Amino acid sequence: MSMNTADRFDLVTRHTTEVVTDEELGALLETETPSVYIGYAPTGEMHIGHFTTMRKLADFLRAGLNVTVLIADLHAHLDDEKSPFDLLDARSAYYEEAVEAMIAAAGGDPGQVKFVRGTEFELDPEYTLDIYRMAAETTLARSQRAASEVVRESDSPNLGGLLYPLMQTLDVRALEADIAYGGIDQRGIYMLSRELLPEYGSSAPVCLFAPLLSGLSGGKMSASDAGSKVNLTDDPDLVAEKIEQAYCPAGELEENGVLEYLEHLVFPVLAGREEEFVVERPEQYGGDLVYEPGGYEQLEADFLSGELHPADLKPAASAYISAVIDPVREQLTEQPELLAAAYPEKYGE
RNA sequence: CCGCCCUUAGCUCAGACUGGUAGAGCAGUCGACUGUAGAUCGACUUGCCCCCCGUUCAAAUCGGGGAGGGCGGACCA
């Protein structure tokens with residue numbers, strides 16, 4: 001690649017919330033063609049929160065990394081049976097399609113991404129044996145702590161949730177990933193991985209973490225609260241409705257999902273296309289506002305100062321969000337059988 | 001293998017002893033107030049009370065059986 005190391009480093013690390021560690025990543029980017037992987041457990045429907053990591057995959061590709069997406073089907077079941085065992089195939093198929101569509105919509109080439117399902121290698125004898133070896137030397141408390149932000153909490157936790165971090169650790173090795181990328185909620189697990197893998201003759205992965213976006217109703221995005229997130233299959237009217245109802249206090253950035261969507265999703269995509277962000281505004285409030293590609297900082301400043309009012313921002317935000325996810329929605333709705341098979345209760349026969 | 005406990009609204013649970021076809025909090029919906037949303041007021045909605053059989057004029061409630069879940073014992077002592 002003609003890109004120099006500093007540029008590569010910036011590209012790889014932008015829009016991340018933590019890098020473990022800068023030094024290791026720097027060294028990695030100087031030498032070879034590093035590999036990065038991210039795992040998605042095919043549980044609930046994919047949503048806009050996933051999109052921010054997809055956009056990073058486009059960055060990774062541009063930086064010349066080998067990118068692997070793991071569809072962690074076994075994990076989806078191990079975590080409190082979030083996905084029933086006999087729906088794993090259907091949900092994996094849906095995830096694969098959705099991920100490809102999102103990568104494309106985010107300006108990347110899905111053809112350059114390697115897709116792997118967990119069951120393709122997690123049942124290999126060597127892998128299985130190492131699960132047992134790690135299980136023998138890992139305490140319940142350690143595993144539980146590692147998984148606490150990821151695995152569903154319960155008064156009566158299942159064994160599956162405790163195996164989960166160990167398997168994720170072995171995934172890093174099996175996929176020969178130099179870099180593990182995931183939401184910051186994955187931190188606990190990968191810190192365990194960094195501890196364990198060297199004991200098993202592998203090097204610890206460099207870890208890159210994505211910020212978790214706030215939900216639209218304030219607080220975290222919640223799977224159980226439909227209004228807290230935009231789904232990939234939401235049509236523009238529904239997106240508009242959700243954004244209209246979103247928590248968005250004037251002049252405040254904290255837990256402001258609308259602004260976070262713009263920062264981590266809309267503006268990066270617009271920047272890739274060199275398109276402006278236009279807020280249409282009635283004359284009585286000052287007329288239209290135009291932001292340059294990459295002009296999120298300015299928008300945020302205007303929002304903080306009160307120059308940009310939420311009531312004006314929201315319609316613009318929902319229009320651009322819809323535009324970004326539109327191709328994904330179309331691709332998915334063209335194949336209704338995918339969703340019907342993956343979520344029969346909701347889209348079923 | 002044995003014993004005990006649990007199963008009621010979307011969620012967490014009361015109500016069961018003393019039968020009279022259900023309640024609270026949260027969530028949700030709708031108004032008011034804000035140039036958005038939230039917050040705050042005001043109003044409203046929500047149910048195969050796990051299933052089957054039985055007793056009874058009447059069963060969420062009592063009796064029997066079943067299913068699902070949880071805890072403990074049993075070996076080590």
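In the predicted model, Arg14, Arg55, Lys56, Asp59 and Arg62 are joined to one another in a network of salt bridges, and the structure as a whole holds 17 salt bridges. Within this network, the side chains of Arg55 and Asp59 meet in a salt bridge with an N to O distance of 2.9 Å. Both partners belong to helix H3, which spans residues 48-62, and because they are 4 residues apart in that helix, about one helical turn separates them. An α-helix has 3.6 residues a turn, so residues three or four places apart point the same way. Arg55 is buried, as is Asp59.

Salt bridges also connect a helix with a strand, and here Arg117 is the recurring partner. Asp89 forms a salt bridge with Arg117, in which the closest N and O atoms are 3.2 Å apart; this pair links distant parts of the chain, since Asp89 lies in helix H5 (residues 88-105) and Arg117 in strand S4 (residues 113-117), 28 residues apart. Arg117 forms a further salt bridge with Glu96, for which the closest N and O atoms are 2.7 Å apart. That pair likewise links distant parts of the chain, with Arg117 in strand S4 and Glu96 in helix H5, 21 residues apart. The surroundings of the residues involved can be described through their accessibility. Asp89 has a relative accessibility of 54% and therefore counts as exposed, the cut-off for this class being over 50%. Arg117, by contrast, has a relative accessible area of 17% and is therefore buried, the cut-off for burial being under 20%. Glu96 is buried as well, as is its partner Arg117.

Chain A is divided by the domain assignment into domain 1, covering 5-210, and domain 2, covering 226-347. The C-alpha centres of domain 1 and domain 2 lie 27 Å apart, and the two domains are in contact through 21 residues of domain 1 and 29 residues of domain 2.

Helix H9, made up of residues 187-196, is mostly covered, with 7 of its 10 residues buried. The buried residues of H9 are Ile189, Tyr190, Met191, Leu192, Ser193, Arg194 and Leu196. One of these, Leu196, is touched by Glu137, which also touches Glu199 and Tyr200 when residues up to four places away in sequence are not counted. Glu137 itself lies in helix H6, residues 125-137, and its side chain makes a polar contact of 2.6 Å with the side chain of Tyr200. With a relative accessible area of 41%, Glu137 is partly exposed. The C-alpha atom of Glu137 is separated by 25 Å from that of Glu81, a residue 56 places away along the chain.

The surroundings of RNA strand B were examined next. Around RNA strand B there are 14 residues, of which Gln245, Ala246, Cys248, Asp312 and Lys314 come nearest. Of the atoms of RNA strand B that come within 4 Å of the protein, sugar and phosphate account for 39%. The residues of the surface near RNA strand B divide into 8 nonpolar, 3 polar and 3 charged, and the largest share of this surface, 4 residues, is contributed by helix H13, which comprises residues 310-333.

Several individual approaches between protein and RNA can be described at the level of atoms. A backbone N or O atom of Tyr247 is placed 3.2 Å from a sugar or linking oxygen of RNA strand B, whereas a polar backbone atom of Ala250 lies 3.0 Å from a base oxygen of the strand. For Asp312, a polar side-chain atom is found 2.6 Å from a base nitrogen of RNA strand B.

Asp312 also has a protein neighbour in Arg281, which, leaving aside neighbours within four places in sequence, is in contact with Gly286, Gly287, Asp288, Leu289, Glu307, Leu308 and Asp312. Arg281 is located in the loop between strand S7 (277-279) and strand S8 (289-291). Although placed in a loop, Arg281 has a relative accessibility of 7% and therefore counts as buried. A polar atom of the Arg281 side chain lies 3.3 Å from the backbone oxygen of Tyr285.

Terms used:
Residues are numbered from 1 along each chain as its sequence is written. Chains are lettered from A and ligands numbered from 1 in the order in which they are written. This is a predicted model: local features need pLDDT of at least 70, side-chain atom pairs count only at pLDDT 80 or more; totals for chains, interfaces and linings use all residues. Side-chain values use heavy atoms; hydrogens and water are left out. A residue is near a molecule or strand if one of its heavy atoms lies within 4 Å of it. A polar contact is a pair of N or O atoms within 3.5 Å; within protein, one must be able to donate a hydrogen and the other to accept it, and residues adjacent in sequence count only if both atoms are side-chain atoms. Helices (H or I, at least four residues) and strands (E, at least two) are DSSP runs, numbered from the N terminus. Ala, Val, Leu, Ile, Met, Phe, Trp, Tyr, Cys and Pro count as nonpolar, Asp, Glu, Lys and Arg as charged, and the others, Gly among them, as polar. Buried means under 20% relative accessible area, exposed over 50%, partly exposed in between (1.4 Å probe, protein chains only). Contact means heavy atoms within 4.5 Å. A salt bridge is a side-chain nitrogen of Lys or Arg within 4 Å of a carboxyl oxygen of Asp or Glu. Domain bounds come from an automatic or database domain assignment.
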